[in-house]
Amino acid sequence: MKNKKVLFIIISIVILIAIAIVGYFLITSNQNNKNLEKKMITASTSYFEDYMSTNSSSSVYVVTLDMLNKANEEGDEYDLKGLEKCSKQTTLTRITIDFNTGKAAKTEVELNC
């Protein structure tokens with residue numbers, strides 16, 4: 001009887017430790033994605049302001065990771081660290097503009113890493 005109680009306590013502790021480890025990795029992964037999204041938003045908004053025209057009739061503009069990489073190759077310095085393993089064509093930011101100012105009003109990031 002005493003051995004069963006000790007075994008139960010040990011198994012309970014192991015399960016709690018496993019749950020804590022899984023929770024830590026989920027939180028860390030989510031935080032990493034938020035950091036990558038912030039980098040994409042910053043770089044994409046700057047790219048939009050530098051290279052895209054709001055004179056067309058589009059209300060949503062798309063900036064891909066590939067576009068940002070090509071701009072870096074031509075001399076720009078967008079911070080894309082951490083996005084190396086992401087798909088260059090399908091990792092993108094959709095930028096909705098404010099027609100009154102021509103500036104980015106809303107951004108939506110799609111990470112495919």
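**Exercise 1. Determine against which elements the buried residues of helix 2 pack, and describe the setting of this helix.**

Solution. In this predicted model, the buried residues of helix 2 pack against helix 1 and strand 1. The next step is to identify the residues concerned: Leu-65, Asp-66, Leu-68 and Ala-71 are the buried residues of helix 2. Finally, the end of the element is inspected. Gly-75 follows helix 2 and has a positive phi, near 120 degrees.

**Exercise 2. Classify Met-67 as buried, partly exposed or exposed, and list the residues that Met-67 touches beyond four places in sequence.**

Solution. Begin with location: Met-67 belongs to helix 2. Its relative accessibility is 23%. Buried requires a value under 20% and exposed a value over 50%, so Met-67 counts as partly exposed. Next, consider the contacts. With residues up to four places away in sequence left out, Met-67 touches Tyr-47, Met-52 and Val-62. For one of these partners, Tyr-47, the separation along the chain is 20 residues, while the C-alpha atoms of the pair are 8.6 Å apart.

**Exercise 3. Establish which residues of the largest nonpolar core touch the most other members, and which elements supply the core.**

Solution. The largest nonpolar core contains 17 residues. Those touching the most other members are Met-40, Tyr-47, Leu-65, Leu-68, Tyr-78, Leu-80 and Leu-83. Two or more residues of this core come from each of helix 1 (2-51), strand 1 (60-64), helix 2 (65-73) and strand 2 (92-97). Helix 1 gives the largest share, five residues. As a last step, take Leu-83 as an example. Leaving out residues up to four places away in sequence, Leu-83 touches Leu-36, Met-40, Leu-65 and Leu-111.

**Exercise 4. Compare the accessibility classes of Asn-32 and Thr-45, and give a spatial relation for each.**

Solution. First, assign the element: Asn-32 lies in helix 1, and Thr-45 is placed in helix 1 as well. Second, assign the class. Asn-32, at 42% relative accessibility, is partly exposed, whereas Thr-45, with a relative accessible area of 17%, is buried. Third, examine the surroundings. The C-alpha atoms of Asn-32 and Gly-82 lie 8.8 Å apart, although 50 residues separate the two in sequence. Thr-45 is in contact with Ile-95, Ala-104 and Thr-107, once neighbours within four places in sequence are set aside.

**Exercise 5. Describe the order of the elements, and decide whether the chain is more spread out or less spread out than a compact globule.**

Solution. The chain comprises two helices and three strands, and their order from the N terminus is α-β-α-β-β. For 113 residues the globule rule gives 13 Å, but the radius of gyration of the chain is 22 Å, well over that value, so the chain is more spread out than a compact globule. Along the principal axes, the C-alpha trace spans about 80 × 30 × 20 Å.

**Exercise 6. Summarise burial, contact range, exposed surface and charge placement for the whole chain.**

Solution. Burial is taken first: 22% of the 113 residues are buried. For contact range, consider the contacts between residues at least 6 apart in sequence; 57% of these join residues at least 24 apart. The exposed surface amounts to about 8,200 Å², of which carbon and sulfur atoms supply 58%. Lastly, the chain carries 13 positive and 13 negative charges, and the mean positions of the two sets are 19 Å apart.

How values were computed:
Residues numbered from 1 in each chain as written. Predicted model: local features only at pLDDT ≥ 70, side-chain atom pairs only at ≥ 80, totals over all residues. Heavy atoms only, no water. Helix = DSSP H or I, 4+ residues; strand = E, 2+ residues; numbered from the N terminus. Rg over C-alpha atoms; globule rule 2.2 N^0.38 Å. Buried < 20%, exposed > 50% of the residue type's maximum accessible area, 1.4 Å probe, protein only. Contact = heavy atoms within 4.5 Å. Areas by Shrake-Rupley, 256 points an atom, 1.4 Å probe, with all protein chains shown as cover. Lys, Arg positive; Asp, Glu negative; His and termini not counted. Charge placed at Lys NZ, Arg CZ, Asp CG, Glu CD. Core = buried A, V, L, I, M, F, W, Y, C linked by side-chain atoms within 4.5 Å.
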